[in-house]
Amino acid sequence: MTDEDDHRHPSGFLSEEQAGRMFADMNEVIRAGEEMRRLRSEMIALCAGAGWTQERIARLTGMSQPAVSKQVTRHSPGSPPPLTELALDQHDTPWLEGRLWGLAEAISETLRHDARCTRFVDAVGRGRKRLTPPNVDALRRLVEEDLRLHRTELPGGYRTAYDVISRRLDVPADVTAAGSASVRRTLAHRIQRDRLRDGS
């Protein structure tokens, strides 16, 4: 039976549109899992490059030491150099995107998930959205709206952080930074969250 026959004789099972949406959702989950495994592998290599023992990495990742050893070996030789500079104030685009993601997540949690950006950051956190240039622009608009609508409920440091991030995203710096874009976004996200939590 050809596709044309299928269209002429519907089976009463799923429409092509329904099946297409279902498989697209599955593909997103699979892709997100693959990307997260790759990111974890890169982070393990960076931690090892920074001098952490495989035993320590295994404990933190919940992996066996042989599994960690395999990941470290996979990245050697030619492993990425350790990220010696983890200051919040960095100017490369992936770092700034990670900071924006961290800020949006903090806004969502502060407003008890009543923020405009909540669905977006949930999707990013689950790997269902990527921080592509159009998505970063969309997230910026949502964060701006939350900061405007909830200015009395949000700490002043949130607005200050956003102004710095936004200004630098508008004028991207031509810099080369150590580490892949996904690693840098993840690190910046974590550091930005910790700084906002600490009030600095």
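Mentor: Let's start with a word you'll need: a residue is buried when its relative accessible area is under 20%. Keep in mind that this is a predicted model.

Trainee: Okay, why is Ile-107 called buried?

Mentor: Set its value against the cut-off: Ile-107 has a relative accessible area of 0%, and buried means under 20%. The value falls below the limit, so Ile-107 counts as buried.

Trainee: Where in the chain is Ile-107 found, and what is it in contact with?

Mentor: Ile-107 belongs to helix α5. Not counting neighbours within four places in sequence, Ile-107 touches Ala-115, Cys-117, Val-143, Asp-146, Leu-147, Leu-154 and Tyr-158. Take Leu-154: it lies 47 residues from Ile-107 along the chain, yet their C-alpha atoms are 7.4 Å apart.

Trainee: What about α7, which of its residues are buried?

Mentor: Val-143, Asp-146 and Leu-147 are among them, and so are Asn-135, Val-136 and Leu-139. The buried residues of α7 pack against α5, α6 and α8.

Trainee: How do you know that the length of α7 agrees with what a helix should span?

Mentor: The rule is 1.5 Å times one less than the number of residues. With 17 residues, at positions 133–149, α7 should span 24 Å, and its end C-alpha atoms are 24 Å apart, so the two agree.

Trainee: Now α5 and α9. What do you look at when two helices pack?

Mentor: You describe the pair by the angle between the axes and the distance between the axes. Here the axes of α5 and α9 come within 7 Å and cross at roughly 40°.

Trainee: What makes α5 and α9 oblique to each other?

Mentor: Check the ranges: under 35 degrees is roughly parallel, and 65 to 115 is roughly perpendicular. The angle of roughly 40° sits in neither range, nor is it over 145, the roughly antiparallel range. That leaves oblique, which is therefore the word for α5 and α9.

Trainee: What is the handedness of that crossing, and which residues meet there?

Mentor: The crossing is right-handed. On the α5 side, the residues include Trp-95, Trp-101 and Leu-103, while those of α9 include Leu-187, Ile-191 and Leu-196.

Trainee: And how many helices and strands does the chain have?

Mentor: Nine helices and zero strands. Buried residues make up 36% of its 200 residues. Looking at contacts with a separation of 6 or more, 69% join residues 24 or more positions apart. The chain exposes about 12,500 Å², with carbon and sulfur atoms supplying 51% of that area.

Technical notes:
Residues numbered from 1 in each chain as written. Predicted model: local features only at pLDDT ≥ 70, side-chain atom pairs only at ≥ 80, totals over all residues. Heavy atoms only, no water. Helix = DSSP H or I, 4+ residues; strand = E, 2+ residues; numbered from the N terminus. Buried < 20%, exposed > 50% of the residue type's maximum accessible area, 1.4 Å probe, protein only. Contact = heavy atoms within 4.5 Å. Areas by Shrake-Rupley, 256 points an atom, 1.4 Å probe, with all protein chains shown as cover. Axes fitted to C-alpha atoms, helices over the stretch in contact; angles between N-to-C directions. Left-handed = near helix turned anticlockwise from the far one by under 90°.
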